[in-house]
Amino acid sequence: MCGIVGIAGFLPVNQSIYDALTVLQHRGQDAAGIVTVDAVNCFHMRKANGLVSDVFEARHMQRMQGNMGIGHVRYPTAGSCRASEAQPFYVNSPYGITLAHNGNLTNTHILRKGLVEDSHRHVNTRSDSEILLNVFAEEMNHFKNYPLSSENIFSAIASLHNKIRGAYACVAIIIGHGLVAFRDPNGIRLLVIGERQIEDGRYEYMIASESVALDTLGFKFLRDVEPGEAVYITDKGQLFIQQCSDNPKHNPCLFEYVYFARPDSFLDKISVYSARVRMGTKLGLKIANQWKDRNIDVVIPIPETSCDIALEMARILNKPYRQGFVKNRYVGRTFIMPGQKLRRIAVKRKLNVNRAEFLDKNVLLVDDSIVRGTTSEQIIEMAREAGAKKVYLASAAPEIRFPNVYGIDMPSKKELIAHGREVEEIRQLIGADALIFQDLTDLIEAVREDNLEITEFECSVFNGIYVTKDVDQQYLEYLQSLRNDDMQALRRKNEMESLEIYNEI
């Protein structure tokens, strides 16, 4: 999962894009990048591994001239941490195009082969985002007139929709034309658009992964970009929006509402905060019905996504809600950290127990989800060490049994603790005294209550149904092979860094 932003305006955008990326930092902590285009149509790019605040220094920001730009924060979907795969990507033909992408394509092998053998285009990395950019560039290359019309650009995106598969929300800049954004025809990845009026009465426009980025910069939320839609904002400030898919469907990623999105965002007309409160209502009622014999003394969230869920559960169960864990906010989200070893180390650095809330109590811990189970196991151990008599665990999401192929780092069945296991087996592995999961039907109802027009969500991690209908075992094995290669490279990198530190000592 990544975060993207694009701004087309009449004032310098460097600081605005930087601020937007800091708001979207929760969507990716591995790398960050910004590209702006100046008045003489020159791109200015800065991207590197690290947090937004680490990647961009004052000297970089001063170089980012221009009134139009795009930005990206990344976490790798296959374990890779290569700096060369930080976004945005750039190609100089045709026109000069730069693009940032959130999601994951599922037919990259076929697309790469076509780009090399038929279009004679060079792809420098293994990133599917660079492939997507080159496919887009190739479609744009079919038009001989200059400048391109909005119809030309929308026609290119319509053709792109017919060629690529998977999940994608994109922002791009075409030199001499303007800002372009588009969303996959299944609407898996999310995208919103807003406007801001400046002093002379003209409007600036912003595209982002979440509405909270618009709020922070003073942009008025206009609407969600619909599945299959494309947005084109010219360098003169003209706004064009058009549906570019023959058969768009609305299948937003359910896991966005469970874990990734900020609670103050509205996505596809759904309040993330309200959805999480309703998750707490549903799960609280399930516990009240099924755990009547459990003597729960206190409800404690595993911060931070689950806090709103746990507070509502405590209300339903009529039990005290307590902050039993103190979070170090300067440690990143462990789920999106590359590598199991780094995740394990980060848990105790991130959380410390407030022993007074555990001593001699039967505690109900609440988490948003259980993916690999290692974090849950460590947290349960911490609760016992703090003196808890019984440790119960509730997950606001159902069992995650299947890999995700649309941009979330769950590519391997072997890494998912719930794959091939029943609840009792999972409970024993993580060491809980009792374990309960949200029902999928309850989760869907909790999320869609704000927008009943959405009838289906992308739920593949829970039910194994892939909405693009092109995912088979061979593809899953291909993803796993990429992950294995990346992790081997990461281990070699860590070993070399450790050796360098030893030699310096």
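Q197 has its bridge partner in β10, and that partner is Y203. Strands here are DSSP runs of E with at least two residues, helices are runs of H or I with at least four, and both are numbered from the N terminus. A word on the source: this is a predicted model, where local features need pLDDT of at least 70, side-chain atom pairs count only at pLDDT 80 or more, and totals for chains, interfaces and linings use all residues. Residues are numbered from 1 along each chain as its sequence is written, and side-chain values use heavy atoms, with hydrogens and water left out.

Back to the strands. Q197 belongs to the pairing of β9, residues 192-197, with β10. The two run antiparallel over 6 bridges. Two strands pair if DSSP finds at least two bridges between them. β9 and β10 make a hairpin, with 5 residues between them. In the turn, G201 has a positive phi of about 95°.

Which other strand is joined to β10? That is β1, residues 3-8, antiparallel and held by 4 bridges. Here A8 has Y205 as its bridge partner in β10. β10 itself covers residues 203-208, and 5 of its 6 residues are buried. Buried means under 20% relative accessible area, exposed means over 50%, and partly exposed is in between, using a 1.4 Å probe and protein chains only. A general point: in a regular strand the side chains alternate between the two faces of the sheet.

Next, helix α1, residues 14-23. Of its 10 residues, 7 are buried, so the helix is largely enclosed by the rest of the structure. The buried ones are N14, S16, I17, Y18, A20, L21 and V23.

Now the annotated site. Where does UniProt place the feature "binding site"? The record, an unreviewed entry, puts it at T305, D367 and D368. These three span 64 residues in sequence, yet no two of their C-alpha atoms are more than 7.8 Å apart, so they gather at one spot. A caution: UniProt positions follow the numbering used here, feature names are shortened, and annotations may be inferred rather than shown by experiment.

Take T305. T305 sits in the loop between β16 (298-301) and α10 (307-317). Its relative accessibility is 12%, so T305 counts as buried.

Then D368. D368 lies in the loop between β19 (362-367) and α12 (374-385). Is D368 buried or exposed? Buried, because its relative accessible area is 5%. Contact means heavy atoms within 4.5 Å. Leaving aside neighbours within four places in sequence, D368 touches V258, Y259, T305, S306, S395, A396 and A397. So T305, another annotated position, is among the contacts of D368.

D368 also makes a polar contact, side chain to side chain, with S369 at 2.8 Å. A polar contact is a pair of N or O atoms within 3.5 Å; within protein, one must be able to donate a hydrogen and the other to accept it, and residues adjacent in sequence count only if both atoms are side-chain atoms.

S395 was on that contact list. S395 is in strand β20, residues 390-395. Its relative accessible area is 0%, so S395 is buried. The S395 side chain reaches the backbone oxygen of A397 at 2.8 Å. Beyond four places in sequence, S395 contacts L283, D367, D368, S369, I370, I436, F437 and Q438.

On to the rings. How many aromatic pairs does a search of the whole structure find? It finds 16. Rings of Phe, Tyr and Trp (its six-membered ring) pair if their centres lie within 6.5 Å; planes under 30 degrees apart count as stacked, over 60 as edge-to-face, and the rest as tilted. One of the pairs is F136 with F182, tilted, 5.7 Å centre to centre and 50° between the planes. This pair links distant parts of the chain: F136 is in helix α5 (residues 128-140), F182 in strand β8 (residues 178-183), 46 residues apart. F136 is buried at 0%, and F182 is buried at 0%.

The ring centres of F255 and F260 are 6.2 Å apart with planes at 65°, so this pair is edge-to-face. F255 is buried at 2%, and F260 is buried at 0%. Both belong to one aromatic cluster with Y75, Y259 and F462.

Last, the cysteines. The whole-structure search finds 0 disulfides, a disulfide being a pair of cysteine sulfur atoms within 2.5 Å. For C170, the nearest cysteine sulfur is that of C2, 11 Å away. C170 is buried at 0%, while C42 is partly exposed at 37%.
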